[in-house]
Amino acid sequence: MTDQQDTTDSTDPGRSSDANGSVPRETVSIPSEIELPDLLDFYERQTPEHTQIAEFYENLDDGRLTTTRCTDCGEIHFPPRIVCPECMADDLEYVDLPHKGELFAFSESRGGTPLGYHDTSPFVVAVVDLGEIKLSARIDDARYDDLEIGDPVSLKIVDIEGGSASERVFYRFVPKGDTQ
Ligand SMILES: [Zn+2]
């Protein structure tokens, strides 16, 4: 994947946000030669039957990175919650997060990687500062030695192939070049 270029700009206007532009997209595969125990699957089940934050994944599948905000105290959480950890209210709403941020911290994973990641090691993991919140995410299309704290990055969405009967998606980030 390190030699892959992001040429997956969506042409479906429904998949991109006006404020953030189009989001590159890629499909990654879970190994099919072994049956993956649920607890070893890095990606959780994303349907309403399996998670109470299914709306987060539905929004992500639509090209939007979102999270929950408490309508009582205004606190924004990540990952999305079903109860506000600040005031314990359960009246939360989904709000859009920026698709661009900067590297707050980063490291490189060279071993002991989750199943499904073994063929892409080493890879970069980072804490991305989106302003309102910071989140941890994998950084694609980048080598550790080429990155610096403060580098701009932008959202990338991956479609998870295999491991589950239902379609799954996840978020990553990629370095934001001068031309993007
Ligand atoms: Zn609250």
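# A tour built around strand β7

Read the protein chain from its start, and the elements come in the order β-α-β-β-β-β-β-β-β. That makes one helix and eight strands. The model is predicted.

**Colour by confidence.** Average pLDDT for the protein chain is 84. A score of at least 70 is reached by 79% of the residues. Now select residues 1-16. Here the pLDDT is below 50. Beyond near neighbours in sequence, the model still gives this stretch 24 contacts.

**Show the whole chain.** The protein chain has 180 residues, and 25% of them count as buried. Next, consider contacts between residues at least 6 apart in sequence. Of these, 56% join residues at least 24 apart.

**Select β7, residues 152-161**. Is this strand mostly covered or mostly open? It is mostly covered, with seven of its ten residues buried. Keep β7 on screen and add its partners in turn.

- Add β1, residues 25-29. It pairs with β7 in the parallel sense, over five bridges. Click T27: its bridge partner in β7 is D159.
- Add β4, residues 100-109. β4 and β7 pair in the antiparallel sense, over three bridges. Find E102, which stands opposite P152 of β7.
- Add β8, residues 168-175. It runs antiparallel to β7, and eight bridges join the two. Pick V158 and look across to F170 in β8, its bridge partner.

**Follow the turn.** β7 and β8 form a hairpin, with six residues between them. Stop at G162 in this turn. Its phi is positive, about 90°.

**Go to the core.** Nonpolar side chains tend to be buried together in soluble globular proteins. Here the largest nonpolar core holds 23 residues. Select L60, A126, V128, I139, I157, V169 and F173, which touch the most other members. Which elements each supply at least two residues of this core? They are α1 (54-61), β4, β5 (123-129), β6 (134-139), β7 and β8. β7 gives the most, with five residues.

**Zoom in on V128.** This residue is one of the core members that touch the most others. What is V128 in contact with, leaving aside neighbours within four places in sequence? The list is G101, L103, F104, K134, L135, A137, V153 and F173. F173, also on that list of contacts, is another of the core members with the most touches.

**Last view.** Return to β7. It is paired with β1, β4 and β8, and it supplies five residues to the core.

Note on methods:
Residues numbered from 1 in each chain as written. Predicted model: local features only at pLDDT ≥ 70, side-chain atom pairs only at ≥ 80, totals over all residues. Helix = DSSP H or I, 4+ residues; strand = E, 2+ residues; numbered from the N terminus. Buried ≥ 20, exposed ≤ 12 C-beta atoms within 10 Å, placed from the backbone. Contact = placed C-beta atoms within 7 Å. Core = buried A, V, L, I, M, F, W, Y, C linked by C-beta atoms within 7 Å. pLDDT = per-residue confidence, 0-100. Pairing = 2+ DSSP bridges.
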